[in-house]
Amino acid sequence: MTLATLDIRGRVATLALNRPDQRNALSIDLIASLRHRVGELARDAGSPDAPRVLILTGHGKAFCAGMDLRAVLDDPAAPPRLLGALAELTLEIRALPHVVIAQVQGAAIGGGCGLTCVADISLTHDSAKVGFPEVDLGVCPAVVAPWVVRKVGGGKARQILLRGGLLAGAEAAALGLMDRSLPGPNELDSAVRELADRIAAGGRLALRATKELLNRLDGSLDADVVREGARLSAEVVASPEAQASLRARFESS
Amino acid sequence: MIRSTLEGRVGRILLDRPDQRNALTPEMAADLAMAVSHLAQKASCLLLEGEGRVFCAGFDLECCRRTPDNSALRSLLESLHKTLAAMRSSPVPVVIACHGAAIAGGCALLGGADYVIADRAVKLGYPVALLGISPAVSAPTLANRIGGGAARSRLLDPGLIGGHQALQAGLVSALVDSPEDVRPAAARAAERFASQPGGGIRATRDWLGKLEAAGAADRSGLEASLAVTGGEEGRGLLEQFLRSLNRRTAGR
């Protein structure tokens with residue numbers, strides 16, 4: 001089974017997380033598969049027929065349930081690898097010349113919600129559950145924090161990342177964590193398609209120049225800060241406090 | 001077509017080309033940049049407004065088409081950058097009365113303002129990539145005004161938004177019910193700014209400007225927009241758009 005599917009139709013490409021039985025939790029293999037697909041998109045981006053818009057979504061009921069920490073708990077070398085790979089994936093997605101739209105159905109939690117902040121535009125629905133419950137588990141969302149700050153600004157990022165818990169899609173849209181919340185998943189699907197087509201009708205060079213400038217203005221391509229965040233996140237996961245809290249959590253579920 | 005007057009302590013600048021929805025010609029845009037820097041030295045507050053049914057429909061695209069060397073579009077982009085820089089570096093606050101619509105270059109002006117009043121049914125946005133034009137010229141000021149995340153989605157999505165969404169994003173500061181109420185409300189807001197002691201407001205504005213990521217004179221957005229003008233893609237899309245517009249108008 002392919003862990004990340006890429007479907008290209010004319011000017012619109014769709015990259016989907018494909019691990020629905022695990023609510024698309026980000027494992028080392030899933031991230032590797034996503035990076036491989038993003039690499040293909042980047043490699044072909046120079047062609048005039050290349051897609052202009054990328055929809056980022058997930059197969060199944062949830063966009064992404066977050067990092068698959070259960071799988072890495074017993075191997076001390078694994079968390080730095082998992083978080084380091086996530087850091088590289090976010091940098092590679094942001095550097096794409098495509099306008100990236102996140103279609104956030106069901107849930108986008110922790111690292112999954114971080115991925116939505118890397119997209120240029122994010123749409124969700126009112127009953128979706130999104131946010132960063134990392135601090136509730138004694139872990140630290142440092143790896144995605146730079147993207148959250150760029151999305152909503154420093155003041156709101158503090159509120160969202162330090163409060164923990166989850167937000168409904170509509171609340172997330174009011175805070176600017178999502179750009180728009182639709183009444184339900186069906187409306188979300190049509191709104192994303194409509195938006196993708198509308199953007200894809202624009203000039204390739206104009207879209208590319210605009211996105212490049214936006215990336216320069218907000219320091220998006222500063223890899224060091226994201227890698228430093230991954231290192232910090234991995235360090236906190238390894239702490240006895242976080243290990244105990246994660247084990248208790250996984251045993252109870 | 002740009003009228004600027006000093007009325008008491010308020011410097012009023014009026015876009016006055018109502019039959020063309022105040023679409024900016026290169027001459028108008030150059031006059032606008034001059035009017036802003038000139039009046040900002042004399043007034044205690046600037047008030048920017050438009051005559052007729054809408055505040056500003058953006059650049060006059062017919063003008064752009066008539067110059068095959070793209071000199072009109074380049075000059076419009078240069079003047080828009082100068083206007084935004086003059087608004088940001090002005091020693092006094094800038095209020096905009098945004099009624100009806102502010103599209104593309106018209107919407108870009110809102111990024112340079114301190115206070116914007118609009119009506120609930122206003123239409124705002126940047127549908128310019130569809131014409132092969134990059135709205136990057138307004139990115140630094142827009143990102144300063146509404147934050148980087150919101151600016152990213154606004155500039156990359158060619159759709160228009162209404163008053164409520166603009167208020168939520170911080171692009172608009174206050175809403176009134178009907179378009180007719182916008183200019184009177186903006187005039188009252190300008191009077192209020194003008195009546196405050198000048199020293200405190202000036203120092204506060206200066207300091208806020210220094211705290212912003214992109215300075216008033218930052219040319220990176222202008223350079224990015226200029227870099228894609230004149231290409232085959234841009235001219236083709238513009239032609240196509242104007243032809244379909246003319247067909248629609250002729251069919252009415």
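These questions and answers look at how parts of this predicted model are labelled, and on what grounds.

Q: What makes Ser134(B) count as buried?
A: Its relative accessible area is 1%. Buried means under 20%, so Ser134(B) earns the label. You can find Ser134(B) in the loop between strand 7 (123-125) and helix 5 of chain B.

Q: How do you know that the side chains of Ser134(B) and Thr210(A) make a polar contact?
A: Their distance is 2.8 Å, and the cut-off for such a pair of N or O atoms is 3.5 Å. Leaving aside neighbours within four places in sequence, Ser134(B) is also in contact with residues including Ala206(A), Ala209(A) and Val128(B).

Q: Why is the pair Asp120(A) and Arg152(B) called a salt bridge?
A: The closest N and O atoms are 2.6 Å apart. The rule asks for a side-chain nitrogen of Lys or Arg within 4 Å of a carboxyl oxygen of Asp or Glu, so this pair of Asp120(A) and Arg152(B) fits. Across the interface of chain B and chain A, the rule finds 3 salt bridges.

Q: What makes Arg198(A) and Asp157(B) a link that joins two chains?
A: Their side chains meet in a salt bridge at 3.1 Å, N to O. Arg198(A) lies in helix 7 (residues 185-200) of chain A, while Asp157(B) lies in the loop between helix 6 and helix 7 of chain B, so the pair joins two chains.

Q: Why do Arg198(A) and Asp157(B) get separate labels for exposure?
A: Asp157(B) has a relative accessible area of 11%, which is under the 20% cut-off, so Asp157(B) is buried. Arg198(A) has 29%, which falls between 20% and 50%, so Arg198(A) is partly exposed.

Q: How do you know that Pro158(B) is buried or exposed?
A: Its relative accessibility is 9%. The limit for buried is under 20%, so Pro158(B) counts as buried. Not counting residues up to four places away in sequence, Pro158(B) touches Arg198(A), Ile199(A), Tyr126(B), Pro127(B) and Leu130(B).

Q: Why is helix 6 of chain B called mostly covered?
A: In this helix, 7 of its 9 residues are buried. Among them are Gly149(B), Ala151(B) and Leu155(B).

Q: What makes Arg94(A) and Asp218(A) a tie between separate parts of chain A?
A: The two form a salt bridge, with the closest N and O atoms 3.1 Å apart. Arg94(A) sits in helix 2 (residues 78-95) and Asp218(A) in the loop between helix 8 (204-217) and helix 9 (223-237), so the pair ties together parts that are 124 residues apart in sequence. At 2% relative accessibility, Arg94(A) is buried. Arg94(A) and Asp218(A) also belong to a network of salt bridges with Asp120(A), Lys211(A) and Arg152(B).

Q: Why are Arg65(B) and Glu62(B) said to be separated by about one helical turn?
A: They are 3 residues apart in helix 2 (residues 61-66) of chain B, which gives that separation of about one helical turn. Their side chains meet in a salt bridge, 3.3 Å from N to O.

Q: How do you know that chain B and chain A share an interface?
A: There are 26 residues of chain B in contact with 29 residues of chain A. Together the chains bury about 2,200 Å², with 65% of it on carbon and sulfur atoms. In chain B, Arg152(B), Leu156(B) and Glu233(B) lose the most area to chain A.

How values were computed
Residues are numbered from 1 along each chain as its sequence is written. Chains are lettered from A and ligands numbered from 1 in the order in which they are written. This is a predicted model: local features need pLDDT of at least 70, side-chain atom pairs count only at pLDDT 80 or more; totals for chains, interfaces and linings use all residues. Side-chain values use heavy atoms; hydrogens and water are left out. Contact means heavy atoms within 4.5 Å. Buried area is the accessible area (1.4 Å probe) that two parts lose on being put together, summed over both. Helices (H or I, at least four residues) and strands (E, at least two) are DSSP runs, numbered from the N terminus. Buried means under 20% relative accessible area, exposed over 50%, partly exposed in between (1.4 Å probe, protein chains only). A polar contact is a pair of N or O atoms within 3.5 Å; within protein, one must be able to donate a hydrogen and the other to accept it, and residues adjacent in sequence count only if both atoms are side-chain atoms.
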